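User: Hi! I am new to reading protein structures and would like to learn how the words used for them are justified. Could you take me through this one?

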Amino acid sequence: MIELLTWATPNGVRPSIMLEEVGLPYIVRLVDITAGAQFSSDFLTVSPNNKIPALIDDDGAEGRRVLFESGAILLYLAEKTGKLLASSGGQRDDALSWLFWGTTGLGPVLGRFMQQADVQNDTTRSDPRGQEVTRLMHVLEKRLNELPYLATVYSVADIAAFAWIKFALPTIMARLSEQLGSTPGIARWFESINARSAVIRGLRAPKIRLHQRASDSE
């Protein structure tokens, strides 16, 4: 059985979406980052960088496997199942390139942007965070005007980017719509992924476990 250690954040739902997409059974173990559970000694043995998500697979090909960082988990699950990542060739190259664009570029920038949005009433063109969000969204829009998905077909790259777009898009559109302009490619791509049944289940997984835990404590 796979154990997913996570919380209901954009990074935290990437693996649960992937697990639902590839059809692997798993259990969710919540790591309450609002209470500092990510700093517990038990969690640090799994994720030394004290960040969710992390994954434990007791049925790995070479025995027990332990991974942290959402990008590494997506890649592991794709290679374990042979799904959502081409085994070779240009589509694999594209998927890996856009996967790491989503995990090292888009995600951190949107995270900082959303943190700033919580304490600032307006995000203007002169705000460096807003400028970088706009630039990255234009990169995404250009790609999705050319192709239906980031690596032509739906892949781990789309899951990585979608999780953060899902979280941040309302704020982006409210604060940066003038700078962004029309983004039909992103809109089409977002609606397509957001409607997938596996994505809906994956987004709910940490929240469902949270509700279950709350019910158990009543």
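Analyst: Let's begin with Gly-23: just after helix H1, Gly-23 takes a positive phi of about 75°. Keep in mind that this is a predicted model, where local features need pLDDT of at least 70, side-chain atom pairs count only at pLDDT 80 or more, and totals for chains, interfaces and linings use all residues. Residues are numbered from 1 along each chain as its sequence is written, and side-chain values use heavy atoms, with hydrogens and water left out.

User: What makes H1 a helix, and how do you know that its span agrees with its 13 residues?

Analyst: Helices are DSSP runs (H or I, at least four residues), and strands are runs of E with at least two, numbered from the N terminus. H1 covers residues 10-22, and the expected span is 1.5 Å times one less than the number of residues. That rule gives 18 Å, and the end C-alpha atoms of H1 are 19 Å apart, so the two agree.

User: Why is H1 called mostly covered?

Analyst: Buried means under 20% relative accessible area, exposed means over 50%, and partly exposed is in between (1.4 Å probe, protein chains only). In H1, 12 of the 13 residues are buried; among them are Gly-12, Arg-14, Met-18 and Glu-21. Across the chain, 49% of the 218 residues count as buried.

User: What makes Glu-69 buried, exposed or partly exposed?

Analyst: Glu-69 has a relative accessible area of 39%, which lies between the 20% and 50% cut-offs, so Glu-69 is called partly exposed. Glu-69 sits in the loop between strand S4 (65-68) and helix H3 (70-81).

User: Which residues is Glu-69 in contact with, leaving aside its neighbours within four places in sequence?

Analyst: Contact means heavy atoms within 4.5 Å, and with those neighbours set aside, Glu-69 is in contact with Asn-49 and Pro-53. The C-alpha atoms of Glu-69 and Gly-12 are separated by 9.4 Å, although these residues are 57 apart along the chain.

User: Now the whole chain: how many helices and strands does it have, and why is it called as compact as a globular protein of that length?

Analyst: The chain has eight helices and four strands, in the order β-α-β-α-β-β-α-α-α-α-α-α. Its radius of gyration, taken over C-alpha atoms, is 18 Å. The globule rule (2.2 Å times the number of residues to the power 0.38) gives 17 Å for 218 residues; the two values are close, so the chain is as compact as a globular protein of that length.
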